[in-house]
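The following note sets out numbered comments on the structure shown below. Each point may be read alongside the sequence and the coordinates.

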Amino acid sequence: MSALAVFRHPLSRVLSGRARWLPVLAWSALAILVAVLSRRQDHAVYVALSRGFGAVSMPLVVFAVFGLVCPEGTVVAAARPLVFLGAPARRAAVSIMLTVAIVSALVCAALGAAVVAIAHGPKDPSLGADLLTTAAVGALGGAAYAGYFSFGSAYFGAHARGIFLVMDVMLGGFGVGAVLTPRAHVRALFGGDLAGRLSPRGSYVALAVMLVLFLLLSTLRSRSRR
Amino acid sequence: MIHVEGVAAKSLPNAALRRMGALCTNVTFHLGKGCHAISGGGTDPDVARLLLEVLAGQIKPSRGKVAILGYAAGSAKATQAIAYVDRDVALPEDMTPLAIAALEGQLRGGAREPLARLRTLGLERFAQRPVRTLTPEERRSVALAIAVTSSAKVLLLDEPFVRITGEAAGRVAEAVRAFAAGGAERCVLVATASQRDAKALGAEVHGLVNERLVPATYGAGTEHFVLVVVVSDPMRLAAAVATEGGALTVTATATAVEIHTNDLVAAAEMVARAALAESLAVVSMSSSGAGAYVRDGRMAEKTMGEAARKLTSLAPPPPEPSDPSARDLVATAQDPGGHR
């Protein structure tokens, strides 16, 4: 079996999505709008990233990308066609989750760089370094959110994705919960308040750990049958 | 090739898919190569479907062992070796049937040309259309074409003649027979309510009797009764009756248990024992025979009447059924002398 053949199904959904891309574009447009409006302020990039892209658009863009690749609501259901065609269940689920994570990372990296480019003003750090840093944080944050939503739907069903989004908003602001969801770490990396007692480097590591852990736990669940 | 031992599993009712719940408590059977069908009078189609889902690894049994070609059901090797076409098969919606056939060849192995595979069931005319533009019948036909031409060793089919295109229906029997004859280690298991369909596939027909596969011998001259017991907890009664054995099939619905049996007297006694043991409230029992000759009819009435009297609680009898062949044994219990 070709190892990459399993990706043809989720990639076909990404490339043929058409109307299903609209929510992704809508939330991206929101981030761009905030970037345009923040140009009038001091430290416009910080405002655009922390209040627009990182706080609102990134989780919603990843939420929409998950719906694009898994319209059924769960990774296991999205992988059913591949299982019918002979792919092992776990491998099929991993292909779906990796597609969500990679597409989320690419979209969030590009969107973050676009926000920085639009909002950049004279009082902001150098554009080149800021673009690279923001793209890296956007990619890591987007992938972490993809793992977070995959975990939610794998263990709690198709509707859990929305609940996990609300949890991210409510818990991601304060206390111990701030460490458990991607929101606080993304905010810290965009120059906001630190997550818990972690340094910005610690938040990088936390996001990477979240990504790996959530995807691993979701993979374990993909083997379970009803 | 297929080994099922002591398997207990259940599926829940699903209104969207129009299926009742199904339960099996101790299914054991072994199937070798060739084409087999679970059919025959008394076989519950939902239980047959449940067994297919267990074999395909979609439902995990709560007890027992399932092995296909030596691999555990649901394992990676088993998934590669099995092609399961259920009634709600899922295909990649954004791909064309041609691309899907090619993908299946890459995933499962096999060098057969994709268009030739679709041509097997006469589906070449929409080979280049995305699956999302196809009707449910066309999609299921595509899935069947891919499955019967695959390099899988085991083919599981749920009603292969249902919900497919007319062209495919005319060719599927030949394709399935060709699959079964295609190699030394090939097995086909079909779940169908139609013995005619099973025979068209050249299948060895089995019925599910006491959770065992037996050669289907139902037909003219065989006595066959259906005992319907309206009870407070149908699932518990069904589990207890299935464990006792003696019934051909036991099916639980939301309010009643339906028992197919060749021995009405034994079935009634079994229900009485099970209801007493489980402290279940039985509302009514009624039975029907499909025009078959009833031996010892009065003995059966008397036994069932006695069984009904033994039960701890009985609701008022339901209204007299309009079907003259159905006998209401709550009324018999009230009037054991048979004056009605």
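1. Disulfides. This is a predicted model, and across all its chains there are zero disulfides. Cys70(A) takes part in none, the nearest cysteine sulfur being that of Cys108(A), 16 Å away. Cys70(A) is also buried, at 1% relative accessibility. In chain B, the sulfur of Cys187(B) has its closest cysteine sulfur in Cys35(B), at 8.1 Å, which is too far for a bond, since a disulfide requires the two sulfur atoms to be within 2.5 Å. Cys187(B) is buried, with a relative accessible area of 0%.

2. Chain B as a whole. Chain B contains eleven helices and 15 strands. Of its 340 residues, 52% are buried. Among the contacts in chain B with a separation of 6 or more, 73% are between residues 24 or more positions apart.

3. A buried threonine. Thr251(B) belongs to strand 12 of chain B, which covers residues 249–252. Its relative accessible area is 16%, and Thr251(B) is therefore buried, the limit for that class being under 20%. Leaving aside residues up to four places away in sequence, Thr251(B) touches Asp44(B), Ala256(B), Val257(B) and Glu258(B).

4. Aromatic pairs in helix 6 of chain A. The whole structure has twelve aromatic pairs over all chains. In one of them, the ring centres of Tyr145(A) and Tyr148(A) are 6.4 Å apart and the planes meet at 80°, so the pair is edge-to-face. Both tyrosines lie in helix 6 (residues 127–156) of chain A, three residues apart, about one turn of the helix. Tyr145(A) and Tyr148(A) are both buried. A second pair, Phe151(A) and Tyr155(A), has centres 4.9 Å apart and planes at 40°, and so counts as tilted. These two residues are four apart in helix 6 of chain A, which separates them by about one helical turn. Phe151(A) is buried at 17% relative accessible area, whereas Tyr155(A) is partly exposed at 29%.

5. The aromatic cluster and charges over rings. The four residues of the preceding point belong to one aromatic cluster, whose members also include Phe63(A), Phe149(A), Phe156(A), Phe164(A) and Phe214(A). Phe63(A) has a further partner: the charged end of Arg161(A) sits over its ring, 4.3 Å from the centre. In chain B, Arg186(B) lies over the face of Phe179(B), at 4.1 Å from the ring centre.

6. The contact between the chains. Chain B contributes 33 residues to the contact and chain A contributes 23 residues. About 2500 Å² is buried between the two chains, 56% of it on carbon and sulfur atoms. Asp94(B), Gln106(B) and Leu107(B) supply 25% of the area that chain B buries against chain A, more than any other three residues. Two salt bridges are counted between chain B and chain A.

7. A salt bridge across the contact. Asp86(B) and Arg80(A) form a salt bridge, with the closest N and O atoms 3.6 Å apart. The pair runs between chains, from Asp86(B) in the loop between strand 6 (82–85) and helix 3 (97–108) of chain B to Arg80(A) in helix 4 of chain A. How do the two partners compare in accessibility: is each buried or partly exposed? Asp86(B) is buried, at 5% relative accessibility, while Arg80(A) is partly exposed, at 37%.

8. Salt bridges within each chain. Over all chains the structure holds 16 salt bridges. In chain A, Glu72(A) and Arg13(A) meet through their side chains at 2.6 Å, N to O. This pair links distant parts of the chain, 59 residues apart: Glu72(A) is in the loop between helix 3 (44–69) and helix 4 (75–84), and Arg13(A) is in helix 1 (residues 8–15). Glu72(A) is partly exposed at 33%, but Arg13(A) is buried at 4%. In chain B, the side chains of Arg139(B) and Glu93(B) form a salt bridge at 2.8 Å, N to O. Arg139(B) lies in helix 5 (residues 136–148) and Glu93(B) in the loop between strand 6 and helix 3, so the bridge ties together parts 46 residues apart in sequence. Arg139(B) is partly exposed at 22%, and Glu93(B) is partly exposed at 33%.

9. A network of charges. Arg49(B), Arg87(B), Asp88(B), Asp158(B) and Arg163(B) are joined in a network of salt bridges.

Note on methods
Residues are numbered from 1 along each chain as its sequence is written. Chains are lettered from A and ligands numbered from 1 in the order in which they are written. This is a predicted model: local features need pLDDT of at least 70, side-chain atom pairs count only at pLDDT 80 or more; totals for chains, interfaces and linings use all residues. Side-chain values use heavy atoms; hydrogens and water are left out. Buried means under 20% relative accessible area, exposed over 50%, partly exposed in between (1.4 Å probe, protein chains only). Contact means heavy atoms within 4.5 Å. Rings of Phe, Tyr and Trp (its six-membered ring) pair if their centres lie within 6.5 Å; planes under 30 degrees apart count as stacked, over 60 as edge-to-face and the rest as tilted. A charge sits over a ring if NZ of Lys or CZ of Arg is within 6 Å of the ring centre and within 35 degrees of the ring normal. Buried area is the accessible area (1.4 Å probe) that two parts lose on being put together, summed over both. A salt bridge is a side-chain nitrogen of Lys or Arg within 4 Å of a carboxyl oxygen of Asp or Glu.
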